[in-house]
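Trainee: Got a few minutes to go through this one with me? I'd like to start with the overall picture and then look at the aromatic rings.

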Amino acid sequence: MLLDPNYLFARFERFKARLGVGDVEGAVTDLVAARRHDPKFDWPGLASLERALRAAPRNGWLRAWRGRFYFAEGRYKEAIAEFDAATRALPSEAEPAVWRGEALARLGRTGPARRALEAAAKMSPRSWSAHKALADLFA
């Protein structure tokens, strides 16, 4: 029986397999696809990310996912540093900017959070997460 390659967990398993053989770019592609398929999909674990980052330290998506891990741990300043690096590496991607705005909001930095989220919404007008985070900021 073959798995549907677009099935969320098939993408995740392929991410781990690609990472295991050193195909960092392919692994990140699968991780991003899994996230886009299901926005609630979470990171594969910090150990896997650290291993991937040793191989590709400037990869924007890996930096963004490490930021998500830090965010979940309540390490917002560290998360912001990762989201900043991700945003520099992925200037046309809204998601790291959204995550940065959410981390800024958690630190009570409403003005910078609003600007980050507005920039993300402008960059990607159809980004549900950008508009939701912006609405949550003022809720």
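Trainee: How much of the chain counts as buried?

Mentor: Keep in mind that this is a predicted model. A residue needs under 20% relative accessible area to be called buried. Of the 139 residues in the chain, the share that passes is 46%.

Trainee: And how many helices and strands does the chain have?

Mentor: Reading from the N terminus, the elements go α-α-α-α-α-α-α-α. That gives 0 strands, and the helix count is 8.

Trainee: On to the rings: what kind of aromatic pair do Phe71 and Tyr76 form?

Mentor: A search of the whole structure turns up 4 aromatic pairs. In the Phe71 and Tyr76 pair, the centres are 5.3 Å apart and the planes meet at 70°. Planes over 60 degrees apart get their own label, so this pair is edge-to-face.

Trainee: Is Tyr76 buried or exposed?

Mentor: Its partner Phe71 has 11% relative accessibility, so Phe71 counts as buried. Tyr76 comes in at 17%, and therefore Tyr76 is also classed as buried.

Trainee: Which residue has its charged end over the ring of Phe71?

Mentor: Look 5.1 Å from the centre of that ring. The charged end sitting there belongs to Arg68.

Trainee: Which residues form one aromatic cluster?

Mentor: Start with Phe83 and Trp99, a tilted pair at 6.0 Å centre to centre with 50° between the planes. Phe83 sits in helix α5 and Trp99 in helix α6, 16 residues apart. Both Phe83 and Trp99 are buried. Add one further residue and you have the cluster: Trp65, Phe83 and Trp99.

Technical notes. Residues are numbered from 1 along each chain as its sequence is written. This is a predicted model: local features need pLDDT of at least 70, side-chain atom pairs count only at pLDDT 80 or more; totals for chains, interfaces and linings use all residues. Side-chain values use heavy atoms; hydrogens and water are left out. Rings of Phe, Tyr and Trp (its six-membered ring) pair if their centres lie within 6.5 Å; planes under 30 degrees apart count as stacked, over 60 as edge-to-face and the rest as tilted. Buried means under 20% relative accessible area, exposed over 50%, partly exposed in between (1.4 Å probe, protein chains only). Helices (H or I, at least four residues) and strands (E, at least two) are DSSP runs, numbered from the N terminus. A charge sits over a ring if NZ of Lys or CZ of Arg is within 6 Å of the ring centre and within 35 degrees of the ring normal.
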